[in-house]
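Biologist: Could you take me through one part of this model slowly? I'd like a close look at the main core and what surrounds it.

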Amino acid sequence: MKLQAEIGDDKSELEITREDGKLFARVDDRTYELEASEPEPNVFLLKNGGNIYQVYVSPQPTPTGHTKVTVGTNEFDVRLIDPKRLRSSGADHSTQDGAAEIKTAMPGKVVRILVTVGDTVTKGEGVIVVEAMKMQNEMKSPKDGVVKEIRVAENDTVRAGDVLVVIE
């Protein structure tokens, strides 16, 4: 997963990957091999070498759309940008004709399906919940429309890029 992070005026490129049960994080030109766990919701323990960091990620964005992240006693307002999401949302889907496909960004497991075929949904409404890297992500409708297809079932394992739901 590739992201861009902004903390104040500082901008960094992030890439997070998993291989053989290990988590790798690349921040600009530095790479870290981490062990990660989530002992309770929004609290993460990251082990890097002999150091352990407790990280709290606020579930609610700030009024400016940033995420408040606390590492030990240090607090940061972070803005994460997913370049893939920016590319796919270049046009306003609510005025676009045709189908919108909701796809996974990374491998995971379908936890809940929040809609059924034929349901009317609005832009931004939750459609499906996928768990990836021990975090549950509610995927939202990119446009107003009707659920045309649901291509997965609860508890299915999905790969990055799989189409989960189609909305027309």
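Modeller: Here is a walk through the core, then the sheet beside it in the discussion, then a few other parts of the chain.

Keep in mind that this is a predicted model. Its mean pLDDT is 84, with 90% of the residues at 70 or more. The stretch to be wary of is residues 86-96, where pLDDT stays under 50; the model has 11 contacts beyond four places in sequence for that stretch. Where pLDDT is low, the predicted coordinates should not be read in detail.

Now the core. The largest nonpolar core has 14 residues, and the ones touching the most other members are I102, V127, I128, L164 and V165. Two strands that each supply at least two residues of this core are strand 12 (126-132) and strand 16 (163-167). In soluble globular proteins, nonpolar side chains tend to be buried together.

Let's zoom in on L164. If you skip its neighbours within four places in sequence, L164 is in contact with I102, T104, I128, V130, M139, E149, I150, R151, V152 and V158. So what else is there by way of a core? Apart from the largest one lies another core, of 8 residues, which includes L3, A5, V55 and V78.

Next, the sheet. Four strands make up an open sheet, ordered 9-16-14-11, with antiparallel pairing. Strand 9 (100-103) and strand 11 (120-121) are at the edges and have a single partner strand each, so one side of each has no neighbour in the sheet. At the strand 11 end, 2 bridges connect that strand to strand 14 (residues 145-150), again antiparallel, and V121 sits opposite G145 of strand 14.

Over at the start of the chain, strand 1 (residues 2-7) and strand 2 (residues 10-19) run antiparallel and are joined by 6 bridges. Q4 has E13 in strand 2 as its bridge partner. These two strands form a hairpin with 2 residues between them, and G8 in the turn has a positive phi of about 65°. Strand 2 is also joined by 6 bridges to strand 3 (residues 22-27), with the two running antiparallel; here E19 stands opposite K22.

One last spot is P61, in the loop between strand 6 (51-57) and strand 7 (67-71). P61 is exposed, with a relative accessible area of 53%. Its C-alpha atom is separated by 21 Å from that of T122, which is 61 residues away along the chain.

How values were computed. Residues numbered from 1 in each chain as written. Predicted model: local features only at pLDDT ≥ 70, side-chain atom pairs only at ≥ 80, totals over all residues. Heavy atoms only, no water. Core = buried A, V, L, I, M, F, W, Y, C linked by side-chain atoms within 4.5 Å. Buried < 20%, exposed > 50% of the residue type's maximum accessible area, 1.4 Å probe, protein only. Contact = heavy atoms within 4.5 Å. pLDDT = per-residue confidence, 0-100. Pairing = 2+ DSSP bridges.
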